[in-house]
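User: I should like to learn how the features of a protein model are read, one at a time. Please take me through the one shown here.

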Amino acid sequence: MSDPGPARLRVPARVRIMGWLLGLMVLVLAVVVLVVWRLSLTDVDNRVNRGLEQEVREFADFVAAGRDPRTGEVITDPTRLLAAHLSTQYPENNEVHAGVVVQPDRLTIRVEGNPAYDMRSDEALFRKIIDAPGSYGDTETAGGTIRWAKTQLAGEQIAPSYFITAYSTGGMRAAAMSTVRLLLLVSGFGVVLAAGVAWVVAGRILAPVRTVRQAAAEITEHDLSRRIPVHGKDDIAALAEQFNAMLDRLEQAFGTQRRFLDDAGHELRTPITIVQGHLELMGDDPAERAEVVRLCTDELDRMNRIVGDLLVLAKAERPDFVNPHEVSLHELTSDIDAKVRALGDRRWVLEAMGEGTVRLDEQRVTQAVVQLAQNAVQHTEPGAEIRVGSALLDGRMSFWVTDSGPGIRQDEHGKIFQRFGRASTGRRDRGGAGLGLAIVLAIAEAHNGAAKVLSEPGSGATFGIDLPATPATEEQQ
């Protein structure tokens, strides 16, 4: 037997929802932090470059003026010129200004600002800057990377002089990185807060789903009464409504099945007992055997009719039980009249015929009216009058059968349309199972109509069905 392998880890939907939300949030925050970091570095570079260019222009303007701003004296000596310019400068943080005079044996260096280390003693750094071919550049120092700009004073002086301005890019970038770190800290707090909110929100969103799952787990074929409370008008509420509708259909289907089994067991038990008893007591006499066979055949026929009636009632629960289409009411009534006359030796009277075209299932309606006529035959004597008719008025149609039988008490009018329901008055035909009028009611209700009876004891009875001329089910289609 092959190994099925390890079972897959089942991740709850709540965790998956929270994971997706947090994943998206972390991704967005990561992009934001990365963009802020890149923009901060770009801003530092732009500020440094602008600062260097500004200082170079200011020094060029100062050299062009050639005067001490405090005394107005003209300065021609490069060393004094550098010193005068440096004395007027107030460097920002991470900014350094330097004046360098190249002597034959050494460099004279003056530094203004707050460098990260003692740049005055770093003669090698300034020689590297002076010897660099360009006017701008980046150089590594003991205090980190600096970006510099240099300007050499023009003239034939014996000692070349330079004005050098520089920014500590490492220090300025460190300040920018502190902003990024603060943003990361805030983002981390936001992720933690979002995780809690996502957990609560996902729980509230999935609460109806858990209710559906719990309801599904509690449902059995013996108890389909559980329903889910519906709140709001969102997709979750729609899910709950659909689930409740499904439970309604299941309960209806199981109810139909149970009623069919109960009805079948209730009504078939008697003929089965009769057949079994006659077969057990049957002797060897041919005449007796023939009588037993006749009785058994009669009971089996009755069982067959009962099963057929029960199947009709079971089908009445299905949406395709009736198939309405346009029918001439006059022709349908005429056909029904012709069929019921073969049911028994009675004085049949076609009392009225409606005129017009209606929508109905003519086979089911014929079945219902014929059943009413059969019921009238069973409760009347040969030669008795039975009237049949139909009418169409104000958008409704009706079919009726009137007999001159013993009639029915008022308190039994609702009972006789129930399954196996019989009136206490009148004779009882052993071939009837009490399902005929239940079938009539099912056909009428399938057409969105009703079955009715008008009767008093000793005054006969009028049974009929009242239907809309255009069934609501057909309009919706």
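Analyst: A helix here is a DSSP run of H or I with at least four residues, a strand is a run of E with at least two, and both are numbered from the N terminus. In that sense, aspartate 45 is found in helix 1. Please bear in mind that this is a predicted model.

User: Which residues does aspartate 45 contact, leaving aside its neighbours within four places in sequence?

Analyst: Aspartate 45 is in contact with Arg147 and Arg173, once neighbours within four places in sequence are set aside. Sequence separation and distance in space may also be read together: aspartate 45 and tyrosine 167 are 122 residues apart in sequence, and their C-alpha atoms are 10.0 Å apart.

User: How should a sheet be read, and what is the strand order of the open sheet of five strands?

Analyst: The general idea is that strands of a sheet pair through backbone hydrogen bonds, either parallel or antiparallel. In this model, the open sheet of five strands has the order 2-1-5-4-3, with antiparallel pairing. Strand 2 (107-113) and strand 3 (136-141) stand at the edges with a single partner strand each, so one side of each has no neighbour in the sheet. On average, neighbouring strands of this sheet are turned by 25 degrees against each other, direction ignored.

User: How many bridges join strand 1 and strand 2, and which helices pack on this sheet?

Analyst: Seven bridges join strand 1 (residues 95-102) and strand 2 in the antiparallel sense; in strand 2, leucine 107 is the bridge partner of valine 102. Helix 1 (residues 13-65) packs on the sheet, where it touches strand 1, strand 3, strand 4 (144-152) and strand 5 (161-168). The direction of helix 1 makes about 25 degrees with that of strand 4. Helix 2 (residues 78-87) lies across strand 1, strand 2 and strand 5, and runs at about 170 degrees to strand 1.

User: Where does helix 4 bend?

Analyst: Helix 4 (residues 169-218) bends by about 45 degrees at leucine 206, and proline 208 follows within four residues. Its 50 residues reach 70 Å from the first C-alpha to the last, close to the 74 Å expected at 1.5 Å a residue.

User: What is the sign of phi at asparagine 94 and at aspartate 394?

Analyst: As a general matter, most residues other than glycine have a negative phi. Asparagine 94 has a positive phi, near 70 degrees, and its place is in the loop between helix 2 and strand 1. Its relative accessibility is 28%, so asparagine 94 counts as partly exposed. Aspartate 394 has a positive phi near 55 degrees. This residue lies in the turn of a hairpin formed by strand 9 and strand 10, with two residues between the strands. With a relative accessible area of 73%, aspartate 394 is exposed.

User: How do strand 9 and its partners pair?

Analyst: Strand 9 (385-393) and strand 10 (396-403) pair in the antiparallel sense over seven bridges, and leucine 392 has methionine 397 as its bridge partner in strand 10. Strand 7 (residues 347-352) and strand 9 pair in the parallel sense over five bridges; here alanine 352 has glycine 389 as its bridge partner.

User: Is threonine 333 buried or exposed?

Analyst: Under 20% relative accessible area counts as buried. Threonine 333 has 2% relative accessibility, so it is buried. Its place is in helix 7 (residues 329-340). Its side chain makes a polar contact of 2.6 Å with that of serine 390. Leaving out residues up to four places away in sequence, threonine 333 touches Leu350, Ala352, Met353, Ser390 and Phe399.

Key: Residues numbered from 1 in each chain as written. Predicted model: local features only at pLDDT ≥ 70, side-chain atom pairs only at ≥ 80, totals over all residues. Heavy atoms only, no water. Pairing = 2+ DSSP bridges. Axes fitted to C-alpha atoms, helices over the stretch in contact; angles between N-to-C directions. Contact = heavy atoms within 4.5 Å. Expected span 1.5 Å × (residues − 1). Bend = angle between axes of the 7 residues up to and from the residue. Buried < 20%, exposed > 50% of the residue type's maximum accessible area, 1.4 Å probe, protein only. Polar contact = N/O pair within 3.5 Å; in protein donor to acceptor, adjacent residues only side chain to side chain.
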